[in-house]
Amino acid sequence: MVLTETTSVASDVLPVDAFKAHLHMGTSFAESDLQDEVLEAYLRAAIAAVEARSGRVLLRKHYVWSLTRWRDAARQVLPVRPVVDVTELRMVDGAGDESAADVDSYRFVPDDICPAVEAVGMLLPPVPVGGSVDVMFEAGFGAVWAEIPADLAQAVLIVAANAYENRSGTSEAMPMAALSLIEPYRALRVMRGV
């Protein structure tokens, strides 16, 4: 199983100004955007850390999840959440030839804990022998920063500030304040079907 982001978050969506305010950086200087590239890098790293810890995608992105077999032939739970939509199941045979699965053979089942692709009939489309299936889907709380839950947005700022202020790498990897904000979003992976 390989999960790949096929789109990335645009720079203008990242909360660089909010991060500057969080860091108490001055704004009256002539070159107040001098650190923007560095701050963006810390924000991207913090978003990735919060997403990994919470199992939630913060800003909308498109993914391809490649599988060599279904875990359950009738229902496959998706690896991240919240999932907005499953756009395609692409079947790849052993020779690398691709074809789209019939859209009437499966449906997307939105769920906050276990979003899934489910068979409309008895079984999901069969994975070609020696091949794979690519599940293409879109996930994330929203397209803009304001659509992210406030506690997860704050956790990102805390993690990014901790990394920015402790560039030597001698402090804790993820501050307790951020962990306590992320904890309610974590899902136990036991029996999630992933």
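These are my notebook entries on a predicted model.

**Entry 1: the five-stranded sheet**

I began with the strands. One open sheet has 5 strands in the order S1-S2-S8-S4-S5, and the pairing is antiparallel. Which strands stand at its edges? They are S1 (2–5) and S5. Each has a single partner strand, so one side of each is left without a neighbour in the sheet. I also looked up the turn between neighbouring strands, which averages 25 degrees with direction ignored.

Next I went through the pairs. S1 and S2 are antiparallel and share 4 bridges. Within that pair I found Thr-4, whose bridge partner in S2 is Val-64. Strand S4 (residues 83–92) is joined to S8 by 8 bridges, again antiparallel. Val-83 has Ala-139 of S8 as its bridge partner.

S4 also pairs with strand S5 (residues 98–100), through 3 bridges in the antiparallel sense. Here Val-92 stands opposite Glu-98. I checked the connection too. S4 and S5 form a hairpin, with 5 residues between the strands. Gly-96 sits in the turn and has a positive phi of about 90 degrees.

A reminder to myself on strands: they pair in a sheet through backbone hydrogen bonds, parallel or antiparallel.

**Entry 2: the three-stranded sheet**

I then turned to another open sheet, of 3 strands. Its order is S3-S7-S6, with antiparallel pairing. Strand S3 (75–77) and strand S6 (106–109) are at the edges. Each has a single partner strand, so one side of each lacks a neighbour in the sheet. From one strand to the next the twist averages 20 degrees.

How many bridges join S3 to S7? I found 3, between S3 and strand S7 (residues 116–119), and the two run antiparallel. Arg-75 stands opposite Glu-118 in S7.

**Entry 3: the largest core**

I looked up the nonpolar cores next. The largest has 30 residues. Phe-19, Leu-43, Val-50 and Val-156 have the most contacts inside it. Which helices supply at least two residues each? I noted H1 (16–22), H2 (36–54), H3 (150–165) and H4 (176–182). H3 gives the most, with 10 residues.

Apart from this core lies another, of 22 residues. Among its members are Val-57, Leu-89, Val-135 and Ala-139. I had already met Ala-139 as the bridge partner of Val-83.

**Entry 4: around Phe-19**

Phe-19 deserved its own entry. Is Phe-19 buried or exposed? Its relative accessible area is 0%, so Phe-19 is buried. I set aside its neighbours within four places in sequence. Phe-19 is then in contact with Leu-39, Tyr-42, Leu-43, Leu-157, Ala-160, Ala-161 and Tyr-164.

I followed the contact with Tyr-164. The ring centres of Phe-19 and Tyr-164 are 6.4 Å apart and the planes are at 75 degrees, so the pair is edge-to-face. Phe-19 lies in helix H1 and Tyr-164 in helix H3, so the pair ties together parts that are 145 residues apart in sequence. Tyr-164 has a relative accessible area of 11%, so Tyr-164 is buried as well.

Phe-19, Tyr-42 and Tyr-164 form one aromatic cluster. I also found a charge at this site. The charged end of Arg-167 sits over the ring of Tyr-164, 4.2 Å from its centre.

**Entry 5: other aromatic pairs**

How many aromatic pairs does the structure hold? I counted 4. One of them joins two strands of the five-stranded sheet. The rings of Tyr-63 and Phe-137 have centres 5.4 Å apart and planes at 15 degrees, so this pair is stacked. Tyr-63 lies in strand S2 (residues 61–67) and Phe-137 in strand S8 (residues 132–139), so the pair ties together parts that are 74 residues apart in sequence. Tyr-63 and Phe-137 are both buried.

**Entry 6: Ala-187**

I finished with Ala-187, which is found in the segment after H4. Its relative accessible area is 24%, so I logged Ala-187 as partly exposed. The cut-off for buried is under 20%. I then took a distance from Ala-187 to Glu-138. The two are 49 residues apart along the chain, and their C-alpha atoms are separated by 19 Å.

Note on methods
Residues are numbered from 1 along each chain as its sequence is written. This is a predicted model: local features need pLDDT of at least 70, side-chain atom pairs count only at pLDDT 80 or more; totals for chains, interfaces and linings use all residues. Side-chain values use heavy atoms; hydrogens and water are left out. A nonpolar core is a set of buried Ala, Val, Leu, Ile, Met, Phe, Trp, Tyr and Cys residues joined through side-chain atoms within 4.5 Å. Buried means under 20% relative accessible area, exposed over 50%, partly exposed in between (1.4 Å probe, protein chains only). Contact means heavy atoms within 4.5 Å. Two strands pair if DSSP finds at least two bridges between them. Axes are lines fitted to C-alpha atoms, for helices over the stretch in contact, and angles run from 0 to 180 degrees between N-to-C directions. Rings of Phe, Tyr and Trp (its six-membered ring) pair if their centres lie within 6.5 Å; planes under 30 degrees apart count as stacked, over 60 as edge-to-face and the rest as tilted. A charge sits over a ring if NZ of Lys or CZ of Arg is within 6 Å of the ring centre and within 35 degrees of the ring normal.
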